[in-house]
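Please open the model in your viewer and keep the sequence panel visible beside it. The tour below proposes a series of selections and states what may be found at each one.

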Amino acid sequence: MRTELFLAWRYLKPKRNAVSLITVSSILGVTLGVAVLMVVLAVMTGFTDLMKQKLVETQAHFQIRDKWRRVISDPAPIIQAVEAAGGEAAAVIQSPVLVQYDRRRLDMQVLMFGAAEQDLRNRLDFNVALRAGKLSLGKNEVVISQNMALRWNVNVGDKLLFHSAGRLTGLVKFKPEGGVELNSTASAYLPAEFTVTGIYSIGKYDFDRSVLFVGLDDAADLLDLPWGCATSVFGWGPDPFDQKALIEAIRKALPQYTVATWEEDNQQLLGVLAVEKRMMFFLLIFIVLVAAFSITNTLITSVYQKTREIGVLKAIGAGDGSVTLIFVLQGFLIGVVGSGVGTLLGWLVITFRNDIMHKVSEWTHMELFPKELYFFNELPAHIVPGDVAFIVISSVLLCTLGALLPASRAARLDPAKALRYE
């Protein structure tokens, strides 16, 4: 084995420049394939992990809703049931609203989140998230995002008008014969005026773009709901990634309500991310497969170049297995060297990914990672040792298999014909 390994390594460093360049190109192909696979899988894993983290930070671990009505009239028994099962809970009111920020302009892509001020303090780190003002949800007070503040050109202390869709639709009624008219039974309509007390930024684009916070009673007043009610009850457990026992206990205690975990509410998104990661690996592994074919071509050339040496080896007693092993080890060594360099290159690219991305964006004048589509301000990445090991093992295995054809060709050479050939 030591002799075959020595010869395999020696054949990778021939004196003839043409074959040397082909060997280097084969190693380079494996290097690029491994690096690309490593970077793509690390980015996909990092994106999935960061997405899960932001979902857990900006959503409840589970939500409890009434199966038949959109409003829970008395959330107190539900909160007690959750606490008895070992979790924590809070009543919330969620609803889309229309925000008027000047005389003629409305923003309709806004989700109002009504909650008690202390519940928000317990669940969102506003010491880090607040960019201006303070978290205050007193009467007719609102906390908006930094995205909204820039979009609407408002600051702490400015006024906003909130319109409820239910109130607006109640101003008109449909005529039996067709058309609409003013509803004479509707009371005079005035929008609710709120004062901006704080500006926050969570760092998740879709959340920052659409969610604002008001007090629970203000939300009920705006939607014409009774005080003390809730549209849902948010719950939190000790571990958002392992709450099966807790959810089962709550469902058993509250059979008349629907209990949905954050994973169930985002099942489609998480499923898409998992499928994308598998598909990216499946597609990009073809880069390494092409490199394996390149190794096959390289070793076929090497076999013809080394015909005399192979004849001499077989003449002095080297068996078919030894000759085969020499060239299989060549493919193995190319795979090992290429995978090692590719792993290092992939690690460097992942480490400096955001610097590289910003430089390329400056050169091309294109935003490569628009937060409007991907929801985050930076390119996430997470290197999983298991993924790296799988990439390296797959690459070395493909390179080794790529050497089998030329190795078998070398093993079948007749020593007398090989020497006569020279």
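A residue is called buried when its relative accessible area is under 20%, and exposed when that value is over 50%; partly exposed residues fall in between. Please bear in mind throughout that this is a predicted model.

**First selection: helix α17**

Select residues 385-402, which form helix α17. The helix contains 18 residues and reaches 26 Å from its first C-alpha to its last, close to the 26 Å expected at 1.5 Å a residue. Which residues of α17 are buried? They are Val388, Ile391, Ser394, Ser395, Val396, Cys399, Thr400 and Gly402. A general point about helices is useful here: an α-helix has 3.6 residues a turn, so residues three or four places apart point the same way.

Now highlight Cys399 within this helix. Cys399 has a relative accessible area of 0%, so the residue counts as buried. Next, select Cys229, which is also buried, with a relative accessible area of 2%. A disulfide is a covalent bond between the sulfur atoms of two cysteines. How many disulfides does a search of the whole structure find? The search finds 0.

**Second selection: strand β1 and its partners**

Select residues 62-66, strand β1. This strand is mostly covered, with 4 of its 5 residues buried. Add residues 232-236, strand β11, to the selection: β1 and β11 run antiparallel and are joined by 3 bridges. Then add residues 257-261, strand β12, which pairs with β1 in the antiparallel sense over 5 bridges.

Ile64 is a convenient residue on which to centre the view. In β11, Ile64 stands opposite Val233, while in β12 its bridge partner is Val259.

**Third selection: a nonpolar surface patch**

Switch to a surface display and select Val275, Met279, Phe282, Leu283 and Phe286. Together these residues make a nonpolar surface patch of about 470 Å². Val275 lies in helix α12, residues 267-305. Is Val275 buried, partly exposed or exposed? Its relative accessibility is 40%, so Val275 counts as partly exposed.

**Fourth selection: salt bridges**

The structure has a count of 11 salt bridges, and three of them, described below, may be examined in turn.

Begin with Asp102 and Arg105, which form a salt bridge whose closest N and O atoms are 2.7 Å apart. Asp102 is partly exposed at 28% relative accessible area, and Arg105 is partly exposed at 48%.

Move next to helix α4, residues 117-123, in which both Glu117 and Arg121 lie. These two residues are 4 residues apart, about one turn of the helix. They form a salt bridge, and the closest N and O atoms are 3.0 Å apart. Glu117 has a relative accessible area of 28% and is partly exposed; Arg121, with 43%, is partly exposed.

Finally, select Lys139 and Asp218, a salt-bridged pair with the closest N and O atoms 3.5 Å apart. The pair links distant parts of the chain, 79 residues apart: Lys139 is in the loop between β4 (130-133) and β5 (141-145), and Asp218 is in helix α9 (residues 216-222). Lys139 counts as exposed, at 58% relative accessibility, whereas Asp218 counts as buried, at 6%. To complete the view, add Asp221: salt bridges that share partners join Lys139, Asp218 and Asp221 into one network.

Notes. Residues numbered from 1 in each chain as written. Predicted model: local features only at pLDDT ≥ 70, side-chain atom pairs only at ≥ 80, totals over all residues. Heavy atoms only, no water. Expected span 1.5 Å × (residues − 1). Buried < 20%, exposed > 50% of the residue type's maximum accessible area, 1.4 Å probe, protein only. Disulfide = S-S within 2.5 Å. Patch = residues over 30% accessible without salt bridge, like charges linked within 9 Å, V, L, I, M, F, W, Y side chains within 5 Å. Areas by Shrake-Rupley, 256 points an atom, 1.4 Å probe, with all protein chains shown as cover. Salt bridge = Lys/Arg side-chain N within 4 Å of Asp/Glu carboxyl O. Pairing = 2+ DSSP bridges.
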